[in-house]
Amino acid sequence: MDFLKSAMASAIAQGPPFPYTFGDKVDVDASIWTLYNGTRRADGSNCSIFSFDVTANKARLPLAKNALKKLRTMRHPGVIKVLDTVETDTYIYIATERVVPLRWHVKRKSLSPETIKWGLYSIARTVKFINDEGSSIHGSLRVASIYTSESGEWKLGGFEILSNVKDDEAIIYRYGSLVPDSGRYTPPELARSGWDAIKKGPHSAVDAYNFGTTIFEVFNGDFMGADQAGQTKGIPPSMHAGYKRLVNSNPKARITVGTFLEQGRRSGGFFDSSLIKLTEGIDNLGVKSESEKEEFLDDLDQLSDDFPEDFFKMKVLPELLKSVEFGGGGPKAFGVVMKISTKLSNEDFEARVQPVVVRLFGSPDRAIRVCLLDNLPLMIDRLPQKVVNDKIFPNLVSGFTDVAPVVREQTLKSVLVIIGKLSDRTINGELLRYLAKTANDEQPGIRTNTTICLGKIAKNLGTSSRAKVLIAAFTRSLRDPFMHARNAALMALAATCEYFSEEDCATRILPGICPSLIDKEKLVRDQANKAMEVYLQRIRKAAAGMPDTVQPPPQTTEGAGPRMSTPQPSEASSWAGWAISSFTNKLSAASGEMQSNSVPTPTGARAVSPSPGLDPSRRVTSTTSSASALHRQAVKSPSPAPPLSRNSSGSAAAEAYFKDPDPVEDDGDAWGDMGDMDDEGNAFFDAPSEAAKPSKKEAIASPTLFDDGSEPDFAGWLAAQAQKKSGPGGSKPLPKGLAKSGTTNGKGSTTTAKKPLTTRSASKPVVAKKIDTKPKETDDDDGWGDGW
């Protein structure tokens, strides 16, 4: 093999220039030619080279020269296309389009019945042209003289004895028997009478008989001789009648190949197939009317997968691409292009389809744009990232702002397809700007799809801005009037929980989800509960790993207690107990001793006689002292105060308040007295400075919560009480320490100058007050809220 190549190279160097390079040798049936795969030196394109060695086959040189002549002059789509020829005294080279012997496919039985019909149809048309328009006889028609091109089309060769019937000295009469293996295929009349018998019958009879044997051969694999002519094994039933008439032993009774072709093309005939219609229509697709194009493309789209892939790749695909780009083929033609391109290799797709796709994305045709976006998933894997990011995406984004909603929606959906081929800069810059616009689109479906899209591409967003972008987008969608937009936002939040910090979950996302828990739509409420549970689990898990407190450990300090006590974790540390403790601590800051005057209560407390200087019907409410002051009182109470705590055990401050180790003559109830006192230190039941009301009418005051907005003026209050109680009849002496310096009467009591009370017009009977432990909803200025 290497010797032959070197010999040919040496011969080419010495002979005329031949701008083709020989490649591998191709196995063929018995032939005068040696077939090689070749390439064109100028552009590296594929070709085939038929080589004839004059020295080795000098007797068959006339056949080679005849074939060379006829191939040069015979121009027909069904004939092998000649690129270049070289003829010298030692060799003949014929460079043609790249072809493969049909025998390869027949031996492997790789041809479907539809493909065989399509191939026979093409050969029949070529033979008809040779017989009728060319007034010639092929004379050597068989499988060995048929080749397939790169597009899968069947091409006719073997022109060694092709002759014009008008030429009396035609080569077929003299050299017909020199064709290799001609005995098997020679018609019966020529086998009996020689090749001159052609002149006695129709000139098409030889080719008709050989076409019939070719039909048998392609369907059965081989033709062994004349005794098999007429057998219908493997041949489709629809061809039986025409096939038998082709191989009739009587040449005058045979039908021509042209007649056989017409029979097959009739409605319902064996050549009436969609694939054959396709081959006839693809060449003139550009000149068809709109209705004809529509019908043609419908037939093309219905073709099954068993049709020749090479034909679609080499013939149909280029024509369709031209039709889509220039000839108005429209979306339907592009859909067929995508169907064909799925069978292409990556190299073929890049060379044939990719450049057209890039150009089509720049087309303003909305129908083409929507078709491109619909088919983008089929080709995105074959498009390089640089092409998508630099060439396709800049044109694609125009669809985000198109006036047609269908274009905007399809453009939005395509983001999920191309996101993997975009750079981070493009995603976090230009893409997010366009998604911000579609999030405010007037179409609710587009807003919903934007939310879904953001949830699905969250992993592709930059980590520095991802949480900010997603929270802003999703919380906005939670307020969308469209039910499905709200539902999509909740689903997206649940799916992207991992991208948010615990602080964002607790302070920004959960507050946004909460209103959806009472959404008017059950679909939204259910999804809100699911999303809420996702985030609660996240927060609980984070909280479980947090310390109990970040405050420094408490330090014990002797001396005066703090102004405000801290609630302790005990049974009595309810809100009421804490409030009582706080108030008690405030009062403990006062110095000196106090005496509390009590009034009779309906609950059975002892009555105190009224002061002589006051109306007996008037009653004065008792005052309150702190727990520490009670321990220092000198006056004994007739009985300890009843416990008023609602719990069996109170706080330390409350217990100190209610415990009376030294009973005093106090007829009032300390808890009630505290409730009756206002911020000024006056009793709530004291009449205001207005007209006096009838003394016989008892008023029952509603409980008033304690307000420690300011410190009570206990000194002033005690002075007022002393003035009220010091009258003509005298009153009980104040305990030691509270009596003012002055004149002492004979009874040992200290008297003070009595001043008229101008702020009290009348006293009202006081009834027992209920303890109100409900917290007062007021803003405290002394730091209650801080302690709570």
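Is cysteine 47 buried or exposed? In this predicted model, cysteine 47 has a relative accessibility of 1%, so with the cut-off for burial at under 20% it counts as buried. Cysteine 514 is another case: its relative accessible area of 39% makes it partly exposed. As for cross-links between cysteines, the count comes to 0 disulfides.

Two sheets can be followed strand by strand. One is an open sheet of 5 strands in the order β1-β2-β3-β5-β4, and its pairing is antiparallel. Its edges are formed by β1 (20-26) and β4 (82-87), each of which pairs on one side only. Averaged over the sheet and with direction ignored, neighbouring strands are turned by 25 degrees against each other. Helix α2 (residues 61-73) packs on this sheet, where it touches β3 (46-53), β4 and β5 (91-96), and the helix direction makes about 30 degrees with that of β5. At the β1 edge, 5 bridges join β1 to the antiparallel strand β2 (residues 34-40). Here valine 26 is found opposite leucine 35 of β2.

The other sheet is also open, with 3 strands in the order β6-β8-β9 and antiparallel pairing. Both β6 (99-101) and β9 (154-156) have a single partner strand, so each has one side without a neighbour in the sheet. The average turn between neighbouring strands is 45 degrees in this sheet, direction ignored. Strand β8 (residues 146-149) is linked to β9 by 3 bridges in the antiparallel sense, and isoleucine 146 has leucine 156 as its bridge partner in β9. Lying across β8 and β9 is helix α4 (residues 113-133), which runs at about 25 degrees to β9.

Attention now turns to the packing of side chains. In soluble globular proteins, nonpolar side chains tend to be buried together. The largest nonpolar core of the model has 152 residues, and those with the most contacts inside it are Leu120, Phe211, Ile215, Leu320 and Leu431. Leaving aside residues up to four places away in sequence, leucine 120 touches Trp154, Phe211, Ile215, Val218, Phe219, Met239 and Phe271. Another core, of 10 residues, lies apart from the largest one and includes Phe22, Tyr36, Val86 and Tyr91.

Helix α13 offers a handy check on geometry. With 12 residues (330-341) at 1.5 Å a residue, α13 should span 16 Å, and its end C-alpha atoms are 17 Å apart, which agrees. Buried residues of α13 are Gly330, Ala333, Phe334, Val336, Val337, Met338, Ile340 and Ser341. Among the elements that cover these buried residues are α11 (290-301), α12 (309-325), α14 (346-360) and α15 (366-379).

Notes
Residues numbered from 1 in each chain as written. Predicted model: local features only at pLDDT ≥ 70, side-chain atom pairs only at ≥ 80, totals over all residues. Heavy atoms only, no water. Disulfide = S-S within 2.5 Å. Buried < 20%, exposed > 50% of the residue type's maximum accessible area, 1.4 Å probe, protein only. Core = buried A, V, L, I, M, F, W, Y, C linked by side-chain atoms within 4.5 Å. Contact = heavy atoms within 4.5 Å. Helix = DSSP H or I, 4+ residues; strand = E, 2+ residues; numbered from the N terminus. Expected span 1.5 Å × (residues − 1). Pairing = 2+ DSSP bridges. Axes fitted to C-alpha atoms, helices over the stretch in contact; angles between N-to-C directions.
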